[in-house]
Amino acid sequence: MIDLKPCPFCGGKAKVRISESNSIRATRKLINGEWYLFASLYVGCEKCGARTADYQIRTKKNPLDIKTPASEAWNMRITDEMEDVLEL
């Protein structure tokens with residue numbers, strides 16, 4: 001399972017979720033003899049509701065247990081070096 005950082009706004013617990021609001025629902029497709037899951041994922045805070053954008057993925061693994069663009073976006077934080085650049 002992927003380690004998610006706490007919410008940057010309230011410190012709440014984050015969770016990977018499959019988006020149901022997107023027109024692309026989670027579907028399985030057989031491609032070249034292998035099954036793939038196509039889904040739209042986001043990471044959201046269970047406490048305050050903050051969330052990432054939806055990210056489209058294709059995988060053979062459980063998307064809730066692997067690193068995805070949604071989990072990478074959630075875990076990104078501004079570092080001290082980035083703050084120095086932003087102040088310029």
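**Cysteines, a hairpin and a buried serine**

Student: How many disulfides does the structure hold?

Tutor: The structure holds 0 disulfides, where a disulfide is taken as a pair of cysteine sulfur atoms within 2.5 Å. Cys 7 is in no disulfide, and its nearest cysteine sulfur, that of Cys 48, is 3.7 Å away. Cys 10 is likewise in no disulfide, with the sulfur of Cys 45 as the nearest one at 3.5 Å. Please keep in mind that this is a predicted model, in which local features need pLDDT of at least 70 and side-chain atom pairs count only at pLDDT 80 or more, while totals for chains, interfaces and linings use all residues. Residues are numbered from 1 along each chain as its sequence is written, and side-chain values use heavy atoms, with hydrogens and water left out.

Student: Is Cys 7 buried or exposed, and what about Cys 10?

Tutor: Cys 7 counts as buried because its relative accessible area is 5%, whereas Cys 10 is partly exposed at 29%. The cut-offs are under 20% relative accessible area for buried, over 50% for exposed, and partly exposed in between, with a 1.4 Å probe and protein chains only.

Student: OK, switching topic: what is the overall pattern along the sequence?

Tutor: The protein chain reads β-β-β-β-α-α, that is, 2 helices and 4 strands. Helices (H or I, at least four residues) and strands (E, at least two) are DSSP runs, numbered from the N terminus. Buried residues make up 30% of the 88 residues.

Student: Where is confidence lowest?

Tutor: Confidence is lowest in helix α2 (residues 80-87), at a mean of 62, and highest in α1, at 93. The mean pLDDT of the protein chain, on the predictor's per-residue confidence scale from 0 to 100, is 85, and 83% of its residues reach 70 or more. Where pLDDT is low, the predicted coordinates should not be read in detail.

Student: Let's stay with α1 then; what does Ser 71 touch?

Tutor: Ser 71, which is found in helix α1 (residues 69-75), touches Ile 2, Leu 4, Val 43 and Ile 66, not counting residues up to four places away in sequence; contact here means heavy atoms within 4.5 Å. Ser 71 is buried because its relative accessible area is 1%.

Student: And which backbone nitrogen lies 2.9 Å from a polar atom of its side chain?

Tutor: That backbone nitrogen belongs to Thr 68.

Student: Now the hairpin: how do β2 and β3 pair?

Tutor: Strand β2 (residues 27-31) and strand β3 (residues 34-45) pair in the antiparallel sense over 5 bridges, where pairing requires that DSSP finds at least two bridges between the strands. Arg 28, for instance, stands opposite Leu 37 in β3.

Student: What does Ile 31 contact?

Tutor: Ile 31, in strand β2, is in contact with Tyr 36, Phe 38 and Arg 58, leaving aside its neighbours within four places in sequence. Its relative accessibility is 27%, so Ile 31 counts as partly exposed.

Student: And what is unusual about phi in Asn 32?

Tutor: Phi of Asn 32 is near 50°, a positive value in a residue other than glycine. Most residues other than glycine have a negative phi. Asn 32 sits in the loop between β2 and β3, in a hairpin with 2 residues between the strands, and counts as exposed because its relative accessibility is 78%.

Technical notes: A polar contact is a pair of N or O atoms within 3.5 Å; within protein, one must be able to donate a hydrogen and the other to accept it, and residues adjacent in sequence count only if both atoms are side-chain atoms.
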